[in-house]
Amino acid sequence: MRAPVLALAAAVVVGTSGAPAPLTAHAARRAAAPAAPVPCPKARAPQVERSPRPTPPPSVPLHRTVGGPALATPALVAPAGAPAPPPVTATSWLVADLDTGAVLGGCGPHEYATPASVQKLLLTATALPKLDPKQTVTVTHEDLDIAPGSSAVGLVEGGRYTVETVFLGLLLQSGNEAANVLARLIGGPDGAAGGVRAMNAEARRLGALQTHAVTPSGLDGPGQFTSAYDLALIARVCFADPTFRRYTLTEQARIPDQPALRRKGFQIQNENQLVYRYPGALGGKTGFTDYARHTYVGAAQRGGRRLVVTLLGAEPRPMRGWEQGAALLDWGFSLPRDASVGRLVAPGETAANGAPVASPTAGAPVTPEPRAVAAHRAVPSGWAATWPFAAVAAAVAGLLAAVLLRRRRRRA
């Protein structure tokens, strides 16, 4: 059975000998016509009572084409000739290469959806470079202002914890109070509200133009949205940081005792089952709210490739979010290394309206950030910076002098 793809037909047909043969005029017109959108493969999910879906902002055409025009579809986009991706319950998803930035495929990659706790990755991308992991912080009463019954790691008012412990509580146990602490630390005089503004500024810098944060934790708020493509941009920045990679692969951590408060410490575990059950797992983040349903970001490495999967709006049956992510990762690893339907833009490459930012060299392609950058030794100023040129000049002068001397000897 022919696998569904979203691509333009080739302008040749294969004859009985197997060699390309010219198209008839009628066949050429049919081949030139755009292919009909291919529905996303869907798994049957059980009926559940869902909260009313928030109204997304108006669609901006340029925002939907960030990363390539093929991504501007609510349907399936996959490389020509690729096998059909596995059916999942997620309303949208995307698979991309963390190192090259190539988008391998997706379903509605630029469709708006609510993020739930995968939004904590945007908070991490914003806060991680700004905070010292060894810094000790004190939890305030305002930090504990989270929705009753929502995800918490168990930090206590007046407790003193290192920034690293707070990050582990954020990423392993999805602590909403940990999100408030980190947002307050980077928010300046405006506290957590300033931290949310910093998150939105970071999203714009990354080119995640369909992402708008209202809460630092991902707890639902009016006007809070993201997309599968934007999540991949955010995840790529996170996985480029070795500290994040260490945090997100941590299986267990300890929340320390608080002697002054007579509170004993306790152990927490990583909630992301991909870490335990998927060979080559690099970590990721889970999420759930009534509005968002299940959301997921996961990454893994295999055969020298590092892929990331993002999915939104999933139901946990017949497969849980991380299992749907694992199935899509398997599909991505099955594709050729040069497979692509678009790319993840580099930070700063896209303007706020979605238009490309002019590069220093007109027409030059923007190169994705490599996994590791070789160190370059700075060139010293002054005489030390110019000595190679002086040495060359001296050598040339010496050679000319030798030639003239030989000529004089011959004339003599």
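**Exercise 1. Which handedness does the crossing of α3 and α4 have, left-handed or right-handed?** Work it out on this predicted model, then describe the packing.

Solution.
- Locate the helices. Helix α3 covers residues 120-127 and helix α4 covers residues 163-173.
- Take the geometry. Their axes lie 10 Å apart, at an angle of about 155°.
- Classify the angle. Angles over 145 degrees count as roughly antiparallel. α3 and α4 are therefore roughly antiparallel to each other.
- Read the handedness. The crossing of α3 and α4 is left-handed.
- List the contacts. α3 contributes Lys-120, Leu-121, Leu-123, Thr-124 and Ala-127. These meet Phe-167, Leu-170 and Leu-171 of α4.

**Exercise 2. Determine how many residues of α3 are buried.**

Solution.
- Apply the cut-off. Buried means under 20% relative accessible area.
- Go along the helix. Lys-120, Leu-121, Leu-122, Leu-123, Thr-124, Ala-125, Thr-126 and Ala-127 are buried.
- Conclude. Eight of the eight residues are buried, so α3 is largely enclosed by the rest of the structure.
- Check a neighbour of Lys-120. Asn-176 touches Lys-120 and lies in helix α5, residues 176-186.
- Asn-176 has 2% relative accessibility, so Asn-176 counts as buried. Its other contacts include Ser-117, Ile-146, Ser-150 and Leu-219.

**Exercise 3. Find the disulfide and describe its setting.**

Solution.
- Test the sulfur distance. The cut-off is 2.5 Å. The sulfur atoms of Cys-40 and Cys-107 are 1.8 Å apart, and the two residues form a disulfide.
- Count. The total is one disulfide.
- Assign its hand. The torsion about the S-S bond of Cys-40 and Cys-107 is about 100°, so the disulfide is right-handed.
- Place the two ends. Cys-40 sits in the loop between α1 (25-32) and α2 (61-64), and Cys-107 in strand β5 (residues 102-107). The pair links distant parts of the chain, 67 residues apart.
- Check exposure. Cys-40 and Cys-107 are both buried.
- Look at another cysteine. Cys-238 has 3% relative accessibility, so Cys-238 counts as buried.

**Exercise 4. Describe the surroundings of Leu-71.**

Solution.
- Place the residue. Leu-71 is in the loop between α2 and β3 (76-77).
- Judge its exposure. Its relative accessibility is 0%, so Leu-71 counts as buried.
- List its contacts beyond four places in sequence. Leu-71 touches Arg-64, Val-66, Val-77, Val-103, Pro-109, His-110, Tyr-229 and Val-341.
- Take one of these pairs. Leu-71 and Val-103 are 32 residues apart along the chain, with C-alpha atoms separated by 9.1 Å.

**Exercise 5. Inspect the backbone at Ala-116, Arg-293 and Pro-318.**

Solution.
- Start with Ala-116. Its phi is positive, about 55°, although Ala-116 is not a glycine. Ala-116 is in the loop between β5 and α3. At 0% relative accessibility, Ala-116 counts as buried.
- Go to Arg-293. Its phi is also positive, about 65°, and Arg-293 is not a glycine. Arg-293 belongs to strand β11 (residues 293-302). Arg-293 is buried, with a relative accessible area of 8%.
- End with the proline. The peptide bond from Arg-317 to Pro-318 is cis, with omega near 10°. Pro-318 is in the loop between β12 (305-314) and α10 (321-334).

**Exercise 6. Summarise the whole chain.**

Solution.
- Secondary structure: eleven helices and 13 strands.
- Burial: 46% of the 412 residues are buried.
- Contacts: among those between residues at least 6 apart in sequence, 69% join residues at least 24 apart.
- Surface: the accessible area is about 21100 Å², and 59% of this belongs to carbon and sulfur atoms.

Terms used
Residues numbered from 1 in each chain as written. Predicted model: local features only at pLDDT ≥ 70, side-chain atom pairs only at ≥ 80, totals over all residues. Heavy atoms only, no water. Helix = DSSP H or I, 4+ residues; strand = E, 2+ residues; numbered from the N terminus. Buried < 20%, exposed > 50% of the residue type's maximum accessible area, 1.4 Å probe, protein only. Contact = heavy atoms within 4.5 Å. Areas by Shrake-Rupley, 256 points an atom, 1.4 Å probe, with all protein chains shown as cover. Axes fitted to C-alpha atoms, helices over the stretch in contact; angles between N-to-C directions. Parallel < 35°, antiparallel > 145°, perpendicular 65-115°, else oblique. Left-handed = near helix turned anticlockwise from the far one by under 90°.
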